[in-house]
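Colleague: I'm new to this one and would like to learn how to read it. Could you walk me through it, feature by feature?

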Amino acid sequence: MSTPTNADATLSYTQERSKELITRYDTILGEINKAMIEHNRPITDIQLLTVSKLKPASDIKALYDHGIRHFGENYVQELITKANILPKDIKWHFIGGLQTNKCKDLANKVSNLYCVETIDSLKKIKKLEEQRAKFVQEHAPTEQTKNYTILVNVQINTSMEDQKSGLTDENEIFQIIEFLLNEAKYVKLNGLMTIGSWVISHQDSSLLNKDFATLCDWKKKIQDKFPSQFTEEHQLKLSMGMSSDFIEAIAQNSNEVRVGTNIFGARPTKDQAYI
Ligand SMILES: *Cc1c(COP(=O)(O)O)cnc(C)c1O
């Protein structure tokens, strides 16, 4: 992936592209709100995460100028490059497969990292906590740490497919939750996330999505295990649903749908993408 040097040029977009992106975004948002109303859910209980991986920074800037602040990225280096050239009040979500040796860069090089949604081991969450603590001490020792706290979602492998990342072991899940609730200071538990099986996500939309149901079961299991930590108003958030199945996810109580293709169009391959 090449990185142009002139940031201003990189961020400029045509009126035509801007119109197209805004129209698509507003259409999705309308569909989300309609589904929330149909299922008697308050509109404030859902968030649309705009997934911008492999899409140019100028596309993100066009949506930013329309008022959108939450963007999701999958690759650490791509996220770092985009975060450097785009406005600092963007709330970045990391939603890609996370490697332990990338936790350091993520914590150190993206000051406005808002949420890491793919925590799937105790080792990785401890690394992220340790590295964010260092980052805050070095760069902003006098500022409130909460400005730099990273929200995290624990990723669950709900489809039990070997090639899917995410956790399946109850003890390991509880250990991570306990660490987040009782020890961590620079990372904070937000909720649970799943991708789910491709086949299920493309099934007849009248069927109950088993992956989403499994994530709901995990939410209940965890909240029952740590009852003093959750209330009616303060519950684990569920990140589930993508372009192909976000309406079903809303019916099954999703709090965040992660939509890329329906907003930006089909993605290029990694070697054809540019920032
Ligand atoms: C790419 C990606 C998305 C967006 O997928 P679309 O089908 O393009 O909407 C959502 N979540 C994760 C984890 C992704 O990697």
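Colleague: Let's start with a helix: how many of the 10 residues of helix 4 are buried?

Modeller: Keep in mind that this is a predicted model. A residue counts as buried when its relative accessible area is under 20%. By that cut-off, seven of the 10 residues in helix 4, which runs over residues 76–85, are buried, so the helix is mostly covered. They are Val76, Glu78, Leu79, Ile80, Thr81, Lys82 and Ala83.

Colleague: What do the buried residues of helix 4 pack against?

Modeller: Their partners are two helices, helix 3 and helix 5 (103–109), plus strand 2 (70–73), strand 3 (91–94) and strand 4 (113–119).

Colleague: I see a lysine in that list. Is Lys82 buried or exposed?

Modeller: Buried, because its relative accessible area is 0%. Lys82 sits in helix 4. Leaving out residues up to four places away in sequence, Lys82 touches Ser52, Lys53, Leu54, Lys55, Ile60, Glu73, Trp92 and Ile275.

Colleague: How far apart are Lys82 and Ile275 in sequence and in space?

Modeller: Along the sequence, 193 residues separate them, yet their C-alpha atoms are 7.2 Å apart. You can read the whole chain in that way too. Take the contacts between residues at least 6 apart in sequence: 63% of them join residues at least 24 apart.

Colleague: Lys53 turned up among those contacts. What does UniProt list for Lys53?

Modeller: An unreviewed UniProt entry gives "modified residue: N6-(pyridoxal phosphate)lysine" at that position. An annotation of this kind may be inferred rather than shown by experiment. In the model, Lys53 lies in the loop between strand 1 (47–51) and helix 3 (57–64). Lys53 is buried because its relative accessible area is 15%, under the 20% cut-off. Its contacts, again without residues up to four places away in sequence, are Gly72, Glu73, Asn74, Tyr75, Glu78, Lys82 and Arg267.

Colleague: And the ligand? How many residues surround the ligand, and which are the closest?

Modeller: There are 13 around it, and the closest are Lys53, Asn74, Ser243, Thr261 and Arg267. To read such a site, look for pairs of polar atoms. A polar side-chain atom of Thr261 is 2.5 Å from a ligand oxygen. For Ser243, an N or O atom of the side chain lies 2.6 Å from an oxygen atom of the ligand. Asn74 has a polar side-chain atom 2.8 Å from a ligand oxygen. On its own the ligand has 390 Å² of accessible area, and the protein covers 89% of that.

Colleague: Now backbone angles. Which sign does phi have in most residues other than glycine?

Modeller: Negative, for most of them. Here, Leu54 has a positive phi, near 65°. Leu54 is in the loop between strand 1 and helix 3, and it counts as buried because its relative accessibility is 8%. Asn40 also has a positive phi, about 55°, and is not a glycine. Asn40 belongs to the loop between helix 2 (15–38) and strand 1, and it counts as exposed because its relative accessibility is 72%.

Colleague: Back to buried polar residues. What does the side chain of Ser254 reach?

Modeller: The backbone oxygen of Met240, at 2.8 Å. Ser254 sits in the loop between helix 10 (246–251) and strand 8 (256–259), and it counts as buried because its relative accessibility is 0%. Beyond its sequence neighbours up to four places away, Ser254 touches Arg41, Asp45, Ile46, Leu238, Met240 and Ala249.

Colleague: Where is Asp59?

Modeller: In helix 3. Asp59 counts as buried because its relative accessibility is 3%. Neighbours within four places aside, Asp59 is in contact with Arg17, Leu21 and Phe264.

Colleague: Let's zoom out. How many helices and strands does the chain have?

Modeller: The chain has 11 helices and eight strands. Its radius of gyration is 18 Å, close to the 19 Å that the globule rule gives for 275 residues, so the chain is as compact as a globular protein of that length. Of those 275 residues, 51% count as buried. The chain exposes about 13500 Å², with carbon and sulfur atoms supplying 48% of it.

Notes
Residues numbered from 1 in each chain as written. Predicted model: local features only at pLDDT ≥ 70, side-chain atom pairs only at ≥ 80, totals over all residues. Heavy atoms only, no water. Helix = DSSP H or I, 4+ residues; strand = E, 2+ residues; numbered from the N terminus. Buried < 20%, exposed > 50% of the residue type's maximum accessible area, 1.4 Å probe, protein only. Contact = heavy atoms within 4.5 Å. Near = heavy atom within 4 Å. Polar contact = N/O pair within 3.5 Å; in protein donor to acceptor, adjacent residues only side chain to side chain. Areas by Shrake-Rupley, 256 points an atom, 1.4 Å probe, with all protein chains shown as cover. Rg over C-alpha atoms; globule rule 2.2 N^0.38 Å.
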